[in-house]
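Reader: Could you walk me through this one, strand by strand and contact by contact? I'd like the cut-offs spelled out as we go.

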Amino acid sequence: IKDRYVFEVPFELRLKIEQMIPAKEDSSLLEVYLKVKGDFLEVINTAADVLVGQEVLPASVLRTRKIANFKNEVILLKDFRDMRVDLKVENKGRNIFNITARARYKLSQSPVKDLRINLVKDEIEIESRLVDNDGAVVFEHVLLGKYVIEMSFLKEHIASILLDIKAC
């Protein structure tokens, strides 16, 4: 049996090392700002990736390429923990929208089960649903305004999406 040595690291050295490690930023929040122009949705600001045709582009690339308007719908993608969330906002006309949130595990692409998704406006829960077999929830007939889409397993918060849809 080999000798084992155990060294205690001095508190000051541990503190200095911890300060050198960058703090983990909160990646459980996504902000999405959209503007409605007739049948078009304009992406004003987001940190999510955006589906453009068959290509997924970061929002910064959209701005560089001057892509802002999307006919009838926009699809945003964001990774939270070990899952990827797709958020689809569909313009149904007359300032009415359908919002679809779909969650899949990044590695296996299988739907996330037992995920609860809530739609909240002005701190009041409007709807709350468990995802279907495809890992999706659809909120229909949503009006213009500011919403929070909360995702959780039982009492464990996973992510929040702040969605602001304004008329032009």
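Reader: Along strand 1, which side chains point to one face and are buried?

Author: Quick ground rules: this is a predicted model, where local features need pLDDT of at least 70, side-chain atom pairs count only at pLDDT 80 or more, and totals for chains, interfaces and linings use all residues. Residues are numbered from 1 along each chain as its sequence is written, and side-chain values use heavy atoms, with hydrogens and water left out. Strands (E, at least two residues) and helices (H or I, at least four) are DSSP runs numbered from the N terminus, and buried means under 20% relative accessible area, exposed over 50%, partly exposed in between, with a 1.4 Å probe and protein chains only. The side chains of strand 1 alternate: L29, E31, Y33, K35 and K37 point to one face and are not buried, while the buried ones on the other face are L30, V32, L34 and V36.

Reader: Which strand runs parallel to strand 1, and which residue in that strand stands opposite E31?

Author: Two strands pair if DSSP finds at least two bridges between them. Strand 1 and strand 13 run parallel and are joined by eight bridges. Opposite E31, in strand 13, stands L162.

Reader: And in the hairpin of strand 1 and strand 2, which residue in the turn has a positive phi?

Author: Strand 1 pairs with strand 2 in the antiparallel sense, over six bridges. One partnership there is V36 with L41 of strand 2. Two residues lie between the strands of this hairpin, and the turn residue with a positive phi, about 65°, is G38.

Reader: Which residue takes a positive phi in the hairpin of strand 9 and strand 10?

Author: Strand 9 (residues 116-121) and strand 10 (residues 124-130) run antiparallel, with six bridges joining them. K121 has I124 of strand 10 opposite. There are two residues between the strands, and the one with a positive phi, near 50°, is D122.

Reader: Which residue in strand 12 stands opposite V120?

Author: Strand 9 also pairs with strand 12 (residues 145-153), running antiparallel to it over five bridges. Across from V120, in strand 12, you'll find V148.

Reader: What is the order of the six strands in the open sheet, and which ones stand at the edges?

Author: The order is 4-3-6-7-8-11, with antiparallel pairing. Each edge strand has a single partner, so one side of each is left without a neighbour in the sheet. From one strand to the next the twist averages 25° (axes are lines fitted to C-alpha atoms, for helices over the stretch in contact, and angles run from 0 to 180 degrees between N-to-C directions). The strands at the edges are strand 4 (55-58) and strand 11 (136-143).

Reader: Is T100 buried or exposed, and what is its bridge partner in strand 11?

Author: T100 sits in strand 8 (residues 96-105), which pairs with strand 11 in the antiparallel sense over six bridges. Leaving out residues up to four places away in sequence, T100 touches D86, L87, K88, E90, A136, V137 and V138 (contact means heavy atoms within 4.5 Å). With a relative accessible area of 7%, T100 is buried. Its bridge partner in strand 11 is V138.

Reader: On to charges: how many salt bridges does a search of the whole structure find?

Author: A salt bridge here is a side-chain nitrogen of Lys or Arg within 4 Å of a carboxyl oxygen of Asp or Glu. Some of the residues form a network, with R102, R104 and D134 linked by salt bridges. For the whole structure, the search gives nine.

Reader: How many residues apart are D39 and K71?

Author: Their side chains meet in a salt bridge at 3.3 Å, N to O. The pair links distant parts of the chain, with D39 in the loop between strand 1 (29-37) and strand 2 (40-46) and K71 in strand 5 (residues 69-71). D39 is partly exposed at 41% relative accessibility, and K71 is partly exposed at 46%. In sequence, D39 and K71 are 32 residues apart.

Reader: What is the distance between the closest N and O atoms of R81 and E156?

Author: R81 is partly exposed, with a relative accessible area of 48%, and E156 is partly exposed at 39%. The two form a salt bridge, and the closest N and O atoms are apart by 2.5 Å.
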